[in-house]
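User: Could you take a close look at the salt bridges in this model for me? I'd like to know which side chains pair up, where they sit and how buried they are.

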Amino acid sequence: MDTDKQIVEAVKGGRREGQSLMVSRYGQVVFAMIVRQVPRTMDAEELTQDTFLRAFSNIGSYDSQRASLATWLCRIAYHLTLDFLKHRKLLTVPIEDGAVWQVGGSDEQLEAELSTGREERIQRLELLMDDLPPDERLLLTLHYFENRPLDECSFIMDTTPHALANRLYRIRKKLYKQLKMI
């Protein structure tokens with residue numbers, strides 16, 4: 001079994017080797033996405049297992065024309081992680097005050113300012129990300145840490161690439177404003 005199509009067919013047929021191969025091939029990808037969002041490794045491991053259990057039971061809905069198997073699995077993981085974080089009611093500090101939207105600058109200027117390589121700024125940025133709502137943190141993780149293109153992120157998050165581009169701009173603006181305040 002070398003291809004995703006063969007893996008999917010094996011899982012559809014209820015064959016354990018297909019399930020094992022899917023987990024071994026994509027388990028780390030799914031876990032890496034989840035563990036960046038969930039504070040405890042044990043919870044991330046459980047969510048990873050839940051992702052594959054859900055994938056096995058819903059394998060009939062997988063459409064290789066819409067997304068790769070890895071992207072489809074990440075979509076399942078995204079929704080499970082978001083539900084988990086919402087139900088845990090983790091303390092998040094909203095940074096959405098009116099002044100954030102008063103920050104000037106183009107998208108390129110904000111991007112350049114936020115992506116400067118200074119280690120101290122990167123550490124502060126990571127701390128600020130922890131205070132973002134779970135869906136915004138997940139979007140930043142998918143797009144910037146996992147280098148996923150917007151069309152792939154939009155499939156995972158069930159929205160349009162244009163809407164995500166706008167959200168990314170607003171999130172960067174929010175983070176920029178917070179960095180200036182520190």
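Analyst: Let's start with the helices and strands: both are DSSP runs, H or I over at least four residues for a helix and E over at least two for a strand, numbered from the N terminus. By that count the chain has nine helices and zero strands. Keep in mind that this is a predicted model, where local features need pLDDT of at least 70, side-chain atom pairs count only at pLDDT 80 or more, and totals for chains, interfaces and linings use all residues. Residues are numbered from 1 along each chain as its sequence is written, and side-chain values use heavy atoms, with hydrogens and water left out.

Now to the charged pairs. Side chains of opposite charge can pair when their charged atoms come close. Here a salt bridge is a side-chain nitrogen of Lys or Arg within 4 Å of a carboxyl oxygen of Asp or Glu, and the structure holds ten of them.

One of them joins Glu-9 to Lys-12, at 3.9 Å from N to O. Both residues belong to helix 1 (residues 4–12), and they are three residues apart, about one turn of the helix. For burial, under 20% relative accessible area is buried, over 50% is exposed, and anything in between is partly exposed (1.4 Å probe, protein chains only). Glu-9 is partly exposed because its relative accessibility is 44%, and Lys-12, at 43%, is partly exposed too.

Arg-75 and Asp-158 make another salt bridge, with their closest N and O atoms 3.1 Å apart. Arg-75 sits in helix 4 (residues 69–88) and Asp-158 in the loop between helix 8 (150–157) and helix 9 (161–181), so this pair ties together parts that are 83 residues apart in sequence. Arg-75 is buried, at 17% relative accessibility, whereas Asp-158 is exposed, at 51%.

Then there's a network: salt bridges link Arg-36, Glu-146, Arg-148 and Glu-152. Within it, the side chains of Glu-152 and Arg-148 come to 2.4 Å, N to O. Arg-148 is buried, with a relative accessibility of 9%, while Glu-152 is partly exposed at 25%. Glu-146 lies in the loop between helix 7 and helix 8 and counts as buried, because its relative accessible area is 19%. Its side chain also makes a polar contact with the side chain of Arg-148, at 2.8 Å. (A polar contact is a pair of N or O atoms within 3.5 Å; within protein, one must be able to donate a hydrogen and the other to accept it, and residues adjacent in sequence count only if both atoms are side-chain atoms.) If you skip neighbours within four places in sequence, Glu-146 is in contact, meaning heavy atoms within 4.5 Å, with Ala-32, Met-33, Arg-36 and Thr-141.

For the setting around these pairs, look at the nonpolar core, a set of buried Ala, Val, Leu, Ile, Met, Phe, Trp, Tyr and Cys residues joined through side-chain atoms within 4.5 Å. The largest one has 47 residues, and Met-22, Leu-69, Trp-72, Leu-73 and Leu-175 have the most contacts inside it. Helix 4 gives the largest share, twelve residues. Leaving out residues up to four places away in sequence, Leu-73 touches Met-22, Tyr-26, Val-30, Thr-51, Phe-52 and Ala-55. Across the chain, buried residues make up 43% of the 182 residues.
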